[in-house]
Protein chains: 2
Amino acid sequence: MRAIALPVNLILLGSTGSIGRQALDIARAHPDKVRVRALAAHSNVALMAQQIAEFSPDVVAMADAEAASALRQQVSCRVLSGSEGVVEVASFDPADCVITAMVGAAGLQPTLAAIRMGRRIGLANKETMVVAGDLIQSMARSHQADILPVDSEHSAIYQCLMGESGMGVGKLILTASGGPFRDRALHTFAHITLEEALDHPNWDMGPKITVDSATMMNKGLEVIEARWLFDVPPDSIEVVIHPQSIIHSMVEFVDGSSKAQLGPPDMKVPIQFAMSAPGRWASNHGVLDWGADRRLTFLPPDPERYPCLPLAWQALRMGEGAGAVLNAANEEAVSLFLARRIGFTDVAPLLEGALGSISSADCGSIEARLAVDAEARSWVRQHAG
Amino acid sequence: MRAIALPVNLILLGSTGSIGRQALDIARAHPDKVRVRALAAHSNVALMAQQIAEFSPDVVAMADAEAASALRQQVSCRVLSGSEGVVEVASFDPADCVITAMVGAAGLQPTLAAIRMGRRIGLANKETMVVAGDLIQSMARSHQADILPVDSEHSAIYQCLMGESGMGVGKLILTASGGPFRDRALHTFAHITLEEALDHPNWDMGPKITVDSATMMNKGLEVIEARWLFDVPPDSIEVVIHPQSIIHSMVEFVDGSSKAQLGPPDMKVPIQFAMSAPGRWASNHGVLDWGADRRLTFLPPDPERYPCLPLAWQALRMGEGAGAVLNAANEEAVSLFLARRIGFTDVAPLLEGALGSISSADCGSIEARLAVDAEARSWVRQHAG
């Protein structure tokens, strides 16, 4: 990874979402270190107008064309429109670091554009690596773009790998909170309500990710992401449940030594690290208080309780395109669950069905990945309920 | 740190002790990576003769002159004698790495000799840094000698600092098992027997270190060692009790992120890492099993239970020479306790008395350190019992 000379010229894709707002909190706290050059969001005009007033970017984009028109009435800054506008923002020059915090498949093309520019990518868009991690990594290598993960687990692993050689890595151990149903009686799972699934004990996140955390499909997607981010074989990735979410993930080395990265659950730490790395910027993000009694517990995930989780390794064994199938099927199934169209325990069988039914062989291009993505969504809709 | 081209030409000082024997286990397991060039020990002739037969070093030394004579009758290898012989072994050429595992003050001069040769030092002799850490570090800098700690706590910190910049370090957090008296009722401390003090729950070590673990003076000495090894101010070092001894120590960075190094208690991991760093060698040293339920607990150390511990920061505030006073007073007090001449609760007041009574100002040379060392020992003997 190349260090970035300060100030970091930042492009932020998804600036009105949770990760985007926290990235701007960091820019606000470190005006000497971060210069916001370009912003993109989906449709939140009011918040984007505020962000323009505060950070004076050179250019912004709204993915929603109507939102772009509305924004143009309010600001003098250059406003681009639609997905092409977002891609143009992602390619803005000059820039050092592009944080890709758009939700879902919308993040793919802008991320590719930023990689082509050889930027450092702060990757908060998990789907990108799940759908096309192999293609992204080979493109990043040829454009010398560094990819730094922004979610807490992969940032933890990235931090544990600093200064280490790849040959020393034995195993990546992703921690999972276990979600709201870690201790719930298995025979009551069929009665899980939407409200129960949306009540996460440790992290405050959007509804889609919160449901993924309850099914633990989020951890499965992170397993696939880790496989590509860190170039390790699937069997060298393990998941362990750690209810307190203090250890964010670990690396076990071939000599029997392990390293863990830890801290209170606070996304600002990995977001900032994606900009500051390999350095660190002093901040008032909560640190752990070792002056009080503390207990950290760990247990293996039960596949009966979390049937979505093993599907990650199954998809990795099936080949590169199966990640796209699994991710799309899951997005569709979760949106059906959020719409109260299917039950909580319907999610895993739908994903398994989609994985088994859709051929993802010969999926060597982004276009082919998007095709099986669409196929998987349609399969799930047809087979739901 | 500079990497060492394989095989590592190893000099092992203290080859018949616990650390030395484990270092040779590693050499035995990795004959392609470690070439034993020279050995030194105190007086165990039989074991040294075996080690010579197995590892064919170019030269050995016995600190005890009679032992050297006896050994010469048995082996054809070149055998040096006395402390000068040990220093000559420490300076043997060619060599890449010198592991200094001699016990106590005897390790100082050979360590200095190895530093003067610009070797990588695998430092298992804690006293060296406690007595003269400031002088050692400045000498290591001018001779470009890398010092890699071999005890588990400092190796943990060293591993957590790999790839990090010094400016990012906020705090070093040393973990301590809490020893055998962690949960014992305080009013019974006056009745602690030698046998009770020698019964350590997690680590199998020599009697002196085991008593230090019970008083927690070992952790105090490690605080002083960490201050010099990692060049951090004393107030940036913290101790936390962690009864399971799985997390071997941690670093907290200025951005709120922390890293920990962990594993089962096994000294082979830090010993091997001192040779392999920055790489890692595959080994069958036990790794952590995350497939079973696991619980890690942490609590702050109570100064009433561990009155020796705060003396470390007191010594660091008093100046560079006070570490030598504290270490020597402790060696003397522990040997009196091992000889049943004083009680367990007599140790801390003796150390505090020695620290308060012996002036360690103007202690800018090794010779001056050795002088206050002698003074502290004599003070403790006079004031004991």
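Two strands are taken to pair if DSSP finds at least two bridges between them. In this predicted model, strand 10 (residues 247-253) of chain A and strand 11 (residues 258-262) of chain A meet that condition, since 5 bridges join them and they run antiparallel. The points below turn to the sheet that holds these strands and then to the second largest pocket.

**The sheet**

- An open sheet of 8 strands, with mixed pairing, follows the order 9(A)-8(A)-10(A)-11(A)-11(B)-10(B)-8(B)-9(B).
- Strand 9 (237-241) of chain A and strand 9 (237-241) of chain B stand at the edges, and because each has a single partner strand, one side of each is left without a neighbour in the sheet.
- On average, and with direction ignored, neighbouring strands of this sheet are turned by 20 degrees against each other.
- Within the pairing of strands 10 and 11 of chain A, M250(A) has A260(A), in strand 11 of chain A, as its bridge partner.

**The second largest pocket**

- The second largest pocket holds about 1,000 Å³ of space, and of the 46 residues that line this pocket, I19(B), K126(B), M205(B), G206(B) and I209(B) are the closest to its centre.
- Several elements of chain B each supply at least two residues of the lining, among them helix 1 (18-29), helix 6 (126-142), helix 7 (152-161), strand 8 (169-176) and helix 13 (322-338).
- Helix 9 of chain B provides the largest share of the lining, 5 residues, while strand 10 (247-253) of chain B, which also has a place in the sheet order, is another element that supplies at least two.
- By residue class, the lining divides into 16 nonpolar, 19 polar and 11 charged residues.

Note on methods: Residues numbered from 1 in each chain as written. Chains lettered and ligands numbered in written order. Predicted model: local features only at pLDDT ≥ 70, side-chain atom pairs only at ≥ 80, totals over all residues. Heavy atoms only, no water. 1 Å grid on protein atoms, 1.4 Å probe; cavity = no way out; pocket = protein on both sides within 12 Å on 5 of 7 lines; lining within 4 Å. Points joined across faces, edges and corners; volume = space filled by probe spheres on them. Helix = DSSP H or I, 4+ residues; strand = E, 2+ residues; numbered from the N terminus. Nonpolar A, V, L, I, M, F, W, Y, C, P; charged D, E, K, R; others polar. Axes fitted to C-alpha atoms, helices over the stretch in contact; angles between N-to-C directions.
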